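Subject: Structure handover

Dear colleague,

Here is the structure I promised to pass on to you, and I would be glad if you kept it open while you read the notes that follow.

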Amino acid sequence: MTMQTRSLGTTGPQVSALGLGCMGMSALYGDADRTESIATVHAALEAGVTLLDTGDFYAMGHNEMLVGEALRTAPAARREQALVSVKFGALRSPDGDWAGYDGRPAAVKNFAAYSLQRLGVDHIDVYRIARLDPDVPIEETVGAISELIEKGYVRHVGLSEVGADTIRRAAATAPIADLQIEYSLISRGIEESVLPTTRELGIAITAYGVLSRGLISGHFARDRQLAANDFRAYSPRFQGENLQHNLDLVEALRKIAEQKGVSVAQIAIAWVLSRGDDIVPLVGARTRERLSESLGAPAVTLDHADLAAIERAVPADAAAGDRYPAPQMAHLGSK
């Protein structure tokens, strides 16, 4: 299999057409198998996936250490092709609670020092604050990342979940490779102002949640019981009538997928890929089986008739429920 490539904006590196989001291997979606997680990272690298995404606050450093172990135990050639994207800034307590965000320059450099150690690398390829710190101008946070670039500890500046005004201010401070933000068939908030802004400025999109946390994967059962440590147990889109409505959308999408001889997940990822060469979907596969399915998405061709059928089946704003609980929605640049 030859993995297609795309650029992370006009200032960023070439990356694989799909990236691997590693968060679910450590946190927020119930228990995961460490051995299978590492095997999945290895399988992704072997298939030509180059972009690995993690965060220093995913299970309080656990995910970075897992990614570090996967890189350390991968064949040298595969390890060298890997580009690591890291989010920082979210504050956690020992019991796992969230305590805001810290984008102060001193904190940025402190977070980076620990991430480099946990990952076992000498530089981070793309570094970004996970959410805007309302008490620190984005210029100061981006400026601190730029200083890390000057010293060789970081290669590129990224952004995460910010709106058009913040994007412009950040881009006026330093070259921005990409904006990481949720984008899927049922999460299309970026289309109004964020996506036009990034395209004007030559900034790529790395899209997470392309399967809406498994909701539109075609594998989520209506009667599935979620563990207490699974984010979806509290996510509005997975509750009661919202869930039933959203799964009805999935069934409409399934009919189109079956007509094309592909899976629901593949057609959902292919739709994100079809939105532009400046968009790199991050797939959150936690097993080699789910990864293999996702890797088939770039080969799915959607013509105008297919896209029109998908739009009829799952119109914009068709989803029921917000993508995060209310307190977290306040931190998002694109709701």
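A compact globule of 335 residues would have a radius of gyration near 20 Å, and the protein chain, with 19 Å, agrees with that. Please keep in mind throughout that this is a predicted model. Along its principal axes the C-alpha trace spans about 55 × 40 × 40 Å, and the chain is built with 12 helices and 12 strands. Buried residues make up 57% of the 335 residues, while the accessible surface of the chain comes to about 14000 Å², of which carbon and sulfur atoms hold 50%. If you take the contacts between residues at least 6 apart in sequence, 74% of them join residues that are at least 24 apart.

Let me turn to the interior. The largest nonpolar core has 91 residues, and those with the most contacts inside it are Leu20, Tyr127, Leu159 and Leu179. Helix 9, which covers residues 264–274, supplies the largest share of this core, namely nine residues. Apart from it lies another core, of 19 residues, and among them are Val126, Tyr208, Val280 and Tyr324. To see how one residue of the larger set is surrounded, you could select Leu20, which touches, beyond the residues up to four places away in sequence, a group including Met25, Val41, Leu52, Leu282 and Leu291.

Leu291 also appears in helix 10 (residues 288–295), where Leu291, Glu293, Ser294 and Leu295 are buried. The buried residues of this helix pack against strand 3 (19–21), helix 1 (34–46), helix 9 and strand 12 (279–283).

Two charged residues in the interior deserve a careful look. Aspartate 178 belongs to strand 10 (residues 176–182), and with a relative accessible area of 0% this aspartate is buried, because anything under 20% counts as buried. Its side chain makes a polar contact of 2.9 Å with the side chain of arginine 128, and, leaving aside neighbours within four places in sequence, aspartate 178 is in contact with Leu8, Val126, Arg128, Val157, Gly158, Leu159, Ile203, Ala204 and Thr206. Glycine 9, in the loop between strand 1 (5–7) and strand 2 (14–16), is 169 residues from aspartate 178 in sequence, yet the two are 6.1 Å apart in space, C-alpha to C-alpha. If residues up to four places away are not counted, glycine 9 touches Ala177, Gly202, Ile203 and Ala204.

The other residue is lysine 87, which has its place in strand 5 (residues 83–88) and is buried, with a relative accessible area of 4%. What joins the side chains of lysine 87 and aspartate 53? A polar contact of 2.6 Å does so. Lysine 87 also touches Arg128, and the residues in contact with this lysine further include Gly55, Phe57, Tyr58, Ser160 and Gln180, when those up to four places away in sequence are not counted. The C-alpha atoms of lysine 87 and tyrosine 127 are separated by 6.1 Å, although the two residues are 40 residues apart along the chain.

Finally, there are the aromatic residues. A search of the whole structure finds six aromatic pairs. In one of them, the rings of tyrosine 183 and tryptophan 271 have centres 5.6 Å apart and planes at 50°, so the pair is tilted. This pair links distant parts of the chain, with tyrosine 183 in the loop between strand 10 and helix 7 (194–201) and tryptophan 271 in helix 9, 88 residues apart. Both tyrosine 183 and tryptophan 271 are buried.

Another pair is formed by phenylalanine 220 and phenylalanine 238, whose ring centres lie 5.1 Å apart with the planes at 65°, so the pair is edge-to-face. Both residues lie in the loop between strand 11 (204–208) and helix 8 (240–260), so the pair ties together parts that are 18 residues apart in sequence. Phenylalanine 220 counts as buried at 8% relative accessibility, and phenylalanine 238 counts as buried at 7%. Elsewhere in your view, Phe57, Tyr58 and Trp98 form one aromatic cluster, and Phe57 and Tyr58 are residues that lysine 87 touches as well.

With best wishes

Definitions and conventions
Residues numbered from 1 in each chain as written. Predicted model: local features only at pLDDT ≥ 70, side-chain atom pairs only at ≥ 80, totals over all residues. Heavy atoms only, no water. Core = buried A, V, L, I, M, F, W, Y, C linked by side-chain atoms within 4.5 Å. Buried < 20%, exposed > 50% of the residue type's maximum accessible area, 1.4 Å probe, protein only. Helix = DSSP H or I, 4+ residues; strand = E, 2+ residues; numbered from the N terminus. Contact = heavy atoms within 4.5 Å. Polar contact = N/O pair within 3.5 Å; in protein donor to acceptor, adjacent residues only side chain to side chain. Rg over C-alpha atoms; globule rule 2.2 N^0.38 Å. Areas by Shrake-Rupley, 256 points an atom, 1.4 Å probe, with all protein chains shown as cover. Phe/Tyr/Trp six-rings, centres within 6.5 Å; stacked < 30°, edge-to-face > 60°.
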